[in-house]
Amino acid sequence: MNIGIDVFGCDHGRSGTGSYVLSLVKSLPRNNGCTYELFGPEIDRYTFDPGDGSVSYSGIQIPDSITAERLWHLFYLSRFAAKRKYDAVLFPAGSRVRHYTRKIPAVAVIHEVVSQEMASQEMAFDTGKVSVSAGWLKSFTASLKKPAKIIAVSQFIRKDLTAMNIKAEKIEVIYDGIDHSMFYPRPALSSDTVNIQPFAIKKPYIIYASRLSKPEKKHIELIRAFSLFKKKTGLPHRLVLAGSEDPYAESVHREAASSEFACDIFITGYFPHKDFPELYSGSEACIFPSVGEGVGLPLIEAMASGLPVACAKAGSLPEIAGDCAMYFNPDDTEECASAIEAVLTDTKLRERLIKSGFEWVKRFSWEKTAEKTIELLQSLK
């Protein structure tokens with residue numbers, strides 16, 4: 001079976017969807033009668049290469065823009081897929097592509113809470129920003145009915161899609177995995193700083209790893225809670241915000257700069273996924289206040305790294321973290337500040353969260369994710 005994997009819309013590997021593709025491709029089952037070919041921008045020819053020659057790449061020369069990608073999918077995708085003789089096509093950025101192969105079975109992967117994305121965000125086009133209309137939402141919902149199957153990466157996303165009148169029987173829940181060869185407890189280093197070029201991060205610190213992209217991520221609320229935590233406790237901890245930046249990031253930078261404890265807030269911008277294990281290993285805790293998550297992968301990466309986790313009781317986070325995290329309301333500044341204090345100072349709580357979290361994440365692996373994904377594609381032949 002010849003399987004095509006569309007890497008358009010994966011932000012050149014610099015986003016959660018990009019990390020998904022990198023991990024999935026690395027874990028694809030070999031010697032199972034399947035061949036795999038990635039296709040996407042020519043500039044990404046080596047971005048997602050697993051390095052063992054098992055996956056080929058077909059590069060397409062088009063401008064690096066959302067509009068160009070959408071036009072290519074609309075007018076050329078089906079012809080391209082037929083010419084490459086794909087038996088099925090996987091679309092990891094399923095909510096961004098919107099045009100799928102017509103005669104060849106397609107599987108779209110949905111990582112986002114689509115209803116929230118469409119209701120609250122502005123879509124960036126080459127000509128500027130335009131608000132998402134009810135008509136556009138209806139059109140987008142109709143496009144999600146076209147793939148043969150949809151992979152939802154959490155039950156929370158599955159419920160969101162069914163609420164948008166996507167048939168439940170066409171949706172399969174396949175959780176993202178975790179690379180246990182990357183994320184595991186590492187010996188504590190005696191150094192006062194964690195040196196990850198080009199960063200030198202002074203310890204102790206807590207971490208929130210998420211794209212600075214929208215209000216639902218609650219970066220601003222976390223900064224306010226962190227400032228209250230600092231004022232209340234006087235502890236030396238810093239707050240590290242690690243993630244790529246969208247236009248919304250400007251408001252996060254302003255909030256951080258206006259904080260009384262601005263010198264203790266470190267915003268990294270884009271942070272390579274390969275360096276996160278070292279970043280986690282130097283951290284004291286993972287704080288995750290987002291209320292719009294469909295995945296929450298940083299939670300289990302932090303747990304696997306031996307960190308206690310505190311997060312919002314919202315979105316898919318309770319599903320992903322189970323009983324292994326401390327939950328709080330990110331809109332309640334005092335409650336969030338108290339949660340930060342508790343996971344840093346309550347020894348028994350820290351021990352319980354670390355132990356239970358480490359056991360919990362054993363159920364997640366990219367090998368399982370890749371195997372189930374390919375089995376779904378094979379079932380469509």
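This is a short tour of two parts of the structure, with a suggestion at each stop of what to select next.

The model is predicted, so that local features need pLDDT of at least 70 and side-chain atom pairs count only at pLDDT 80 or more, while totals for chains, interfaces and linings use all residues. Residues are numbered from 1 along each chain as its sequence is written, and side-chain values use heavy atoms, with hydrogens and water left out.

Begin by selecting residues 35-41, which form strand β2; helices (H or I, at least four residues) and strands (E, at least two) are DSSP runs, numbered from the N terminus. Six of the seven residues in β2 are buried, where buried means under 20% relative accessible area with a 1.4 Å probe and protein chains only.

Next add strand β1, residues 2-6, which runs parallel to β2 and is joined to it by five bridges; two strands pair if DSSP finds at least two bridges between them. Within this pair, look for D6, which lies opposite F39 of β2.

Now select helix α1, residues 16-27, which together with β1 and β2 makes a right-handed β-α-β unit. Right-handed means that, with the strands pointing away from the viewer, the path from the first strand over the helix to the second runs clockwise.

Then add strand β3, residues 55-60, which pairs with β2 in the parallel sense over six bridges, and find V55 in β3 as the bridge partner of Y36.

For the second part, select strand β14, residues 265-269, where four of the five residues are buried. Strand β13, residues 238-242, runs parallel to β14 and is joined to it by four bridges, with L241 partnered by I267 of β14. Finally, add helix α9, residues 249-258, to see the right-handed β-α-β unit that it makes with β13 and β14.

Notes: Buried means under 20% relative accessible area, exposed over 50%, partly exposed in between (1.4 Å probe, protein chains only).
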